[in-house]
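Me: I'm in my first year and would like a close look at a single part of this protein. Could you walk me through the sheet and what packs on it?

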Amino acid sequence: HGKLQTIQSLLFQILCEIDRICKKHNIPYFLAGGTLLGAIRHRGFIPWDDDLDVMMRRQDYQRFLAVAEKELPEHLSLRTGSTEEGNHYLISKIRLSGTVFSSEYLMHFPRLHNGIFVDIIAQDYTANSSLGQKLHLKLSLLARGLVFKKWSGGSAAAARGKSYAIFDLVKRLFQITYSPQQRHSFYYSQDQKNDQQNDRCIEDI
C-alpha cells in the first residue's frame, strides 16, 4: 500500500509538469480512462490505480511533442518511437529517471527506459457514419495487433495462432513497415516545497 501511494504521488508530480507545459504553450489536454474516473469519483486516484492517462487531440498532441523535450526538467524524459530505439508504442510516455516500473514482459527489453510513466495519448477524429466508425475501429485493432506482433517477434504461428497469421499476411500483402511515427528502487523525496507545489497544482487543474 505504501509503494502504491508513492507511485501515485510521483505520477501526480509528473502530471503537474505536463500541466505546466500545456498552460505555458496553451495546449488543451484532458484526463482519460481510469484517471478521469478517479478524479471525479475519488477526487484523486482510484485507490488501486498505478497509472495515469492524459489525452490530447491529435493537433495538440503534435504541438506537445514539439515542445516537451526542451521544457521537461532533467529528471523527466519524453519517450516515443522516434526518440527511443526499439520503442513500438503507439502512444508517448513521460518517464521518471531513477525509477523502475515495468511488467515482467517488458523486462525483456532492458535497453528501453522502464521508469514510472504517464501515458500521453492522441485522440483522432472518426467517421460520422456507423459503418465508417466500425471500419475505423477494426483498422485500429489491426494496427494494435501488428504492434504487439512487432514487440513479440518470431513467426505468427508460434506467437498467437490465427490472428497473428492474419497480421503477417496483411504485412506481406501491403508491404507494411514500422516507421518511427507509426510505432509509436523507487526514488522519492517530498519536502515542504513539493507539498506547496502540489497544492497549487491541485487548485489549478
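Reply: Happy to help; here is a walk through the sheet and the helices that pack on it. This is a predicted model, in which local features need pLDDT of at least 70, side-chain atom pairs count only at pLDDT 80 or more, and totals for chains, interfaces and linings use all residues. Residues are numbered from 1 along each chain as its sequence is written, and side-chain values use heavy atoms, with hydrogens and water left out.

Helices (H or I, at least four residues) and strands (E, at least two) are DSSP runs, numbered from the N terminus. Two strands pair if DSSP finds at least two bridges between them.

The sheet is open, with five strands in the order β1-β2-β5-β4-β3 and mixed pairing. Because β1 (30-31) and β3 (76-79) stand at the edges with a single partner strand each, one side of each has no neighbour in the sheet. The partner strand β2 (residues 53-57) runs antiparallel to β1, and two bridges join them. Here L31 stands opposite V54 in β2.

Now for the helices, where contact means heavy atoms within 4.5 Å. Axes are lines fitted to C-alpha atoms, for helices over the stretch in contact, and angles run from 0 to 180 degrees between N-to-C directions. Helix α1 (residues 2-24) packs on the sheet and touches β1, β2, β3, β4 (92-96) and β5 (117-123); the direction of α1 makes about 45° with that of β5. Helix α3 (residues 58-71) also packs on the sheet, touching β2, β3, β4 and β5, and its direction makes about 115° with that of β2.
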